[in-house]
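Trainee: Got a minute? I'd like to go through this structure with you.
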Amino acid sequence: MGDRQNGGVRGRGAGGRGRTRMRMDDPAFIPGKRKREEEGDPVLHLLSLVLRIGDRLRKDTRPVEEEIDEVAKRTRRDVASRPDQVIQTILDCSVEVATKCGIYATLVGLWHADEEIIVTALLNKACEGLNEALTTGDRYRARLLLRLLAALTTTNVVSMQSMFSMLNSMVTAAMQALEQGDKAEASRRLQPYTDYLVYSAVIALPWLAPELQHLESDPEGLTTFSSSVEQYLGVRPRAAQDALNPFPVANEDKNAASLGDGGGASFLPQLWQYTLELKENHWNLLGVPSYSQFFEAQLAACKPLELPELTVPLHPPGVAPSLPLPEAAAAVLKAYPSRGALDLQLCVNKQLVTSLISGIDRIVAQEYVIDTIHYFDGDNNELARRLGIALPFPDIPDPKILAAVVQETIFSQLLRLPESELGVLAYAKVTTNLCKLSADFAQPIGGCLKALKEGMGSTDPDIALCVAEWLALHINNHDFIWSWHRWENVLDLQPYDPIRHFVAMALERTMRLSFREFHLQFDPTLRRERVPEAMFELLGPTPSARPVFEGPPKTAAANPEAPVAMDAAEPQPHGQAADVADAPAQAPDDPAQAAAVANADAAVATQAQGDELEPVPDLAQELFAQVKRIQAPKAAHRGDALPQGPSLSERLSTWLQDSSVRERIGGDLVLLKWLSRCLLTIGGRSIGHLYSYLDRHEPIMNELTVSTGDQGEDLLMDEATSMWANSVQHTSIIVDHLMGKHWVSGAAVLRWLFGTKAIGMRSADDAMECLKCTDILNNTVARVLARTQDDKEIVQAVEQELHQRQTALQALEPNADPVDGDQGMNEDSPALMVGRLQPEL
């Protein structure tokens, strides 16, 4: 969960690194249990008071305004004696517990009457933090600090004109940034950043609504701000971005997940439209409760303060202006990604959702969910309680509608492009905890999945795989209970139908977490088997490893003395390997089979580049027996000396050299073929056995893969993918491990996926074959990117070391020439690792 420090926890998620969050389940924060430690630690005492205020997670049912008044009185001494700690506590709580922004604004407003200097310092500190967040690219903190300043306007702490001046400066900076370059360049590079600036300003208006609804006419600042926003929407280069929509084709028929592009360019006009509707509704909304009316006399006696000027960077922080346009566009989109917005519940029951909750209230609820997940990731129970109980919608007509919006937002964040903030496991964990907390979340999950399943025909395979992984984890967390019988109609679809493929992927991912026999057993709760037996048709045959010498039927099988020719192991679908073909075998009677055999022979000849690979089968069998015979020594007992002697790989190398097997079997390529097949077969009992055998014989495998080059890599890919041809999981794990050993490169995987041998071997009708290729490709891309990053870090270490040595040498000898090459470097120097960097693609 993280490192607990002084009642805090440091998150481990992508959005939780480096932030100290407050744990509400800490004994010091539970009401009625103020211990001596808390009373002795004034900081902890102040923190507990501020965190507990207005918390609906407790059994305390007092009105929130009474708690605010009590905390304001109990903290007056802290405000006067420890102003810096009070200011930092309020700012941190307002950002990290974003659902209580209005409560903290009211608390500061009550302090304003007696401690105007402290409140002025708080405003200056908030504006400094806002400037710093905009400069460093901390988009969450910048947006939430702007929200706090807007809420302070409703408590008469900040003047309305000053607040609108700050919001307008955000929009003005966005337009100035677009004017720096032409439209084409700005659309590809700067628009994600400028859209974020305008979005942060517009989304702060709901927290100004309690004050705006009491005004007879619109203030001058609102009119100017509205004109600036509309002007920006008119001049920005791109109004929509289908590349960020997980379901782009679904926008045409509106029958699946649609309406928007996943929170990309089209989200900002939608947000502005909802804001105009809020204005027409006299600024009445459910999601931003106001408490200032309970302290109207005290707040009205104070004089509002002016905000300092805001400095907004015109260029995205962290993105060098000298970067090429494609790299700069990718860097800006990564730093300021799309918000993530899919209206799944609108596709399921649009009339029900829109009649009970307005569009701006849905946006506000989504903001609460996104911010809470970001700051409470790593604290499972607290995150679920805050999403399931503590969202500030006290007057919502039906709580199930709020649960639907929460679940819809979770799916939107899961499918956000170009990448989600957290992993699939994190979002599955949140959903599971919500379902355990309240039964209201079960039905929205089914509705969202229904919309997602209907949209699989218009989405990318990676999106389908992401949803399938989430569903498998969700089913695993609920005792593998799922209404598979409702999806049994996919068996009537065409084999290449995307919806059928999606259900097959979800079922295959579920099988990875259990086994088939378990799902065929009768379940007393469901009063039937967990998965209908007919649905296993989607998975194909039961996964099994191919025997080492398995091949097609042979006419000379009854004659063990007949000469046998070995080819290069062309893999066939579902484990039907064509490894051994008898020389005197009769030609097949079927012309189609004869043509297939001829094509296979031609492929083998092309792979071997004219060399005849005809190893003697006796040698292959002897090699297999020798590899099995050479076992690891028994583990030594505690206190005994470790066994001495040559390693397993050295003993096998000695045997190969003494027996001249390398020359007799036909060379390194054929030896690599049979040795790899032996290791894969012997380690076929489990993944652990496979890793163990490959690790034991790593030196000789390194030698053979280096000597055979690309041919050896292609051969290893064929052997690895044909050993467990009908198991997606085993195949992807084996190929990934071979890449980890540097025996197979990314180029070899691409040749296997898209080369000439792949033509006719894979079909869209086979869902498992498509899933296998997708898995292998995704793992390959991830591993290549990781290696590229590692190589960049090594190069940076080399450059830094060279610079340090040059500086040190010039300090000793001012007239000496700069250090050249690797002179004077140690053997462990990172500079000497540059020669070992191997490009992956």
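Trainee: How many helices and strands does the protein have?
Mentor: The secondary structure comes to 36 helices and seven strands. Those are DSSP runs numbered from the N terminus, helices being H or I with at least four residues and strands E with at least two. Keep in mind that this is a predicted model, where local features need pLDDT of at least 70, side-chain atom pairs count only at pLDDT 80 or more, and totals for chains, interfaces and linings use all residues. Residues are numbered from 1 along each chain as its sequence is written, and side-chain values use heavy atoms, with hydrogens and water left out.
Trainee: OK, what percentage of the residues count as buried?
Mentor: Of the 841 residues, 50% do. Buried means under 20% relative accessible area, exposed over 50%, and partly exposed in between, with a 1.4 Å probe and protein chains only.
Trainee: Switching topic: at what angle do helix 5 and helix 6 pack?
Mentor: About 155 degrees, with the axes 10 Å apart; helix 5 covers residues 83-96 and helix 6 residues 101-112. The axes are lines fitted to C-alpha atoms, for helices over the stretch in contact, and angles run from 0 to 180 degrees between N-to-C directions.
Trainee: So what do you call that arrangement of helix 5 and helix 6?
Mentor: Helix 5 and helix 6 are roughly antiparallel. Angles over 145 degrees get that label, while under 35 is roughly parallel, 65 to 115 roughly perpendicular and the rest oblique.
Trainee: Which residues make the contact?
Mentor: Helix 5 brings Val 86, Ile 90, Cys 93 and Ser 94, and helix 6 brings Tyr 104, Leu 107, Val 108 and Trp 111. Contact means heavy atoms within 4.5 Å.
Trainee: Now Ala 126: buried or exposed?
Mentor: Ala 126 counts as buried, because its relative accessibility is 0%. Ala 126 sits in helix 7, residues 116-136.
Trainee: What does Ala 126 touch?
Mentor: Leaving out residues up to four places away in sequence, Ala 126 touches Leu 91, Leu 145 and Leu 149.
Trainee: Any backbone oddities to look at?
Mentor: Start with the peptide bond from Leu 417 to Pro 418, which is cis, with omega near 5 degrees. Pro 418 is in the loop between helix 21 (399-414) and helix 22 (424-437).
Trainee: And what about phi at His 282?
Mentor: His 282 has a positive phi of about 60 degrees although it is not a glycine. Most residues other than glycine have a negative phi. His 282 counts as exposed, because its relative accessibility is 58%.
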